[in-house]
Amino acid sequence: EEQDRLLRGKPDQPRNPRVLRIAIIGVPNAGKSTLSNQLLGRKVFPVSRKVHTTRCKARGVVTYEDTQLVIVTECVWLTHLHLSFRHKLEDVMLTDPWDSMKHADLVLVLVDVSDHWTRNSLSKEVLKCLSQFPHIPSVLVLNKVDLLKKKFILLQLVTELTEGIVNGKKLEERSVFRHNSSSSAKAPQQITGASPPESSAHEPHRLQETDRAQEGSRLGNSSDTRASHSSLVTGEAEGPKCWGPRDVKNMKGWPCFQEIFMLAALHGEEVETLKRYLLMQAKPGPWEFHSGVLTSQSPQEICDNIIREKILEYLPLEVPYGVVQVMEMWEEGPSGELLIVQNLVVPRKSHMMMLIGRRGKVISRIAQEAGQDLMNAFLCDVRLKLRVELKS
């Protein structure tokens with residue numbers, strides 16, 4: 001009821017409100033939900049290694065002083081339309097895969113650098129999306145850099161994913177990272193390695209100033225950072241060019257990125273640096289949500305998504321996509337705890353046996369882990385009970 005009241009009511013506008021609407025796009029499993037959760041500071045979006053973990057569009061809200069960030073994660077579903085129909089995804093997800101782009105002030109393009117198959121180029125769907133909205137500023141975010149053993153590959157990836165152009169200027173490679181170097185979030189004009197070996201691994205280094213007065217912004221290095229002075233620096237400025245859908249057919253990257261960040265969203269490495277940047281990009285404008293709102297989802301939707309995440313994690317292949325969740329009970333207990341009972345309806349007996357597991361171990365583990373995540377999300381005690389039923 002409190003969440004519904006906050007969503008329906010008028011936002012508590014500060015004297016000089018600022019707002020930034022952010023669309024996070026990328027191929028499945030790039031880490032969009034993980035990054036969103038880290039920016040929000042609490043887990044409200046489901047995370048799984050399987051595609052289509054999130055089945056409804058939802059917004060996350062970050063409110064800091066007079067600034068509000070509204071985050072929408074957008075998966076490029078066109079790549080997997082056959083899966084969308086097979087798994088009976090909601091119609092709203094199939095109408096317009098890039099609907100959130102129309103209202104975005106900034107686009108974050110997330111790339112999983114640990115994926116050898118997709119990291120060397122942006123998907124055609126992402127490029128098409130960017131070319132449809134070239135007027136919206138875009139930022140390249142390289143995720144999972146902690147999983148990359150050879151950090152010097154990042155320089156090559158930056159060149160390929162930007163077509164060698166960042167913020168209207170050509171990139172020039174001065175040198176390469178040492179094999180044992182690491183990387184953190186960087187400004188695009190100077191993607192520098194961290195402190196020299198004789199320096200402390202945690203000593204922050206200063207970024208080059210950007211057009212938006214980022215002077216004085218500093219960021220710490222990863223715990224394993226050991227790099228020589230290496231960088232990609234900008235060369236001569238490129239003339240303005242309007243990139244359209246026809247241009248992207250033979251392109252691997254997008255030459256209109258304004259910034260580049262490198263981070264590890266799962267562990268929160270350099271996410272705070274990205275968050276500070278986003279707060280600085282906010283423009284004067286009215287807030288969309290009350291400062292007490294963390295997400296546009298209802299508590300029941302958060303619950304459904306978290307339980308679905310665990311089902312996807314522990315059931316093989318396409319079995320989880322046939323599970324139908326039915327909320328049986330949602331009540332507040334005598335001590336303020338949340339009592340939840342949900343029925344999981346499956347189409348086949350074999351699926352039922354897999355979901356229950358030997359001696360009920362699978363369903364018990366799902367209930368235990370989901371219950372813990374719900375306690376962290378709702379900041380209260382949660383008693384979760386899951387029942388498995390066969391579809392009649």
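Where is the place of Leu-379? Select Leu-379 to begin, and you will find this residue in the loop between α10 and β16 (382-390). Keep in mind throughout the tour that the model on your screen is predicted.

**The loop after α10**

With Leu-379 still selected, look at its backbone: the residue has a positive phi of about 55° although it is not a glycine. Its relative accessible area is 61%, and because values over 50% count as exposed, Leu-379 is classed as exposed.

Now step back into helix α10 and select Met-375. This residue is partly exposed, with a relative accessible area of 24%, and, once residues up to four places away in sequence are set aside, Met-375 touches Cys-380, Asp-381 and Val-382. If you add Glu-337 to the selection, you can check a pair that is 38 residues apart in sequence, with a C-alpha to C-alpha separation from Met-375 of 9.6 Å.

**Helices α9 and α10**

Next, select helix α9 (residues 349-356) together with helix α10 (residues 361-378), whose axes come within 4 Å and cross at roughly 60°. The two helices are therefore oblique to each other. On the α9 side the contact is made by Met-354, Leu-355 and Ile-356, while α10 contributes Lys-361, Val-362, Ile-363 and Ile-366. Colouring these residues by character shows six nonpolar, no polar and one charged.

**The whole chain**

Zoom out for a moment to take in the protein chain, which has ten helices and 16 strands. Of its 392 residues, 51% are buried. Among contacts between residues at least 6 apart in sequence, 74% join residues at least 24 apart, and a selection such as Glu-2 with Gly-292 gives you a separation to look at across the chain: their C-alpha atoms are 9.8 Å apart, although these positions lie 290 residues apart in numbering. Glu-2 belongs to helix α1 (residues 2-8) and is partly exposed, with a relative accessible area of 46%.

**The largest nonpolar core**

Which residues touch the most other members of the largest nonpolar core? Select Leu-108, Leu-274 and Leu-278, which hold that place among the 51 residues of the core. Helix α10, which you have already visited, supplies the largest share, six residues. Domain 1 (1-173 + 244-284) and domain 2 (299-390) both give residues to this core, so the core lies between them.

Centre the view on Leu-108 and show what surrounds this residue. Leaving aside neighbours within four places in sequence, Leu-108 is in contact with Ile-22, Ala-23, Ile-24, Ile-25, Val-139, Val-141, Leu-274 and Leu-278. A second, separate core has 32 residues, including Val-109, Leu-140, Leu-142 and Leu-154.

From here, move to helix α5 (residues 124-132), where the residues to pick out as buried are Val-126, Leu-127, Cys-129, Leu-130 and Ser-131. What covers these buried residues includes β1 (18-26), β4 (106-112), β5 (138-143) and β12 (257-262), so displaying those strands as cartoon and the helix residues as sticks is a convenient view of the covering elements.**Helices α2 and α7**

Finally, select helix α2 (residues 32-40) and helix α7 (residues 271-281), which pack at an angle of about 75° with their axes 10 Å apart. These helices are therefore roughly perpendicular to each other. The contact is made by Leu-35, Gln-38 and Leu-39 of α2 and by Val-271, Leu-274, Lys-275 and Leu-278 of α7, and these residues divide into five nonpolar, one polar and one charged.

Is Val-271, your next selection, buried or exposed? At 5% relative accessibility, Val-271 counts as buried. Not counting residues up to four places away in sequence, Val-271 touches Leu-35, Gln-38, Leu-39 and Ala-265. Phe-261 is ten residues from Val-271 in sequence and 9.2 Å away in space, C-alpha to C-alpha.

For the last stop, select Glu-270, which is found in the loop between β12 and α7. Glu-270 has a positive phi of about 65° although it is not a glycine, and at 11% relative accessibility this residue counts as buried.

Conventions:
Residues numbered from 1 in each chain as written. Predicted model: local features only at pLDDT ≥ 70, side-chain atom pairs only at ≥ 80, totals over all residues. Heavy atoms only, no water. Axes fitted to C-alpha atoms, helices over the stretch in contact; angles between N-to-C directions. Parallel < 35°, antiparallel > 145°, perpendicular 65-115°, else oblique. Contact = heavy atoms within 4.5 Å. Nonpolar A, V, L, I, M, F, W, Y, C, P; charged D, E, K, R; others polar. Core = buried A, V, L, I, M, F, W, Y, C linked by side-chain atoms within 4.5 Å. Buried < 20%, exposed > 50% of the residue type's maximum accessible area, 1.4 Å probe, protein only. Domains from an automatic or database assignment.
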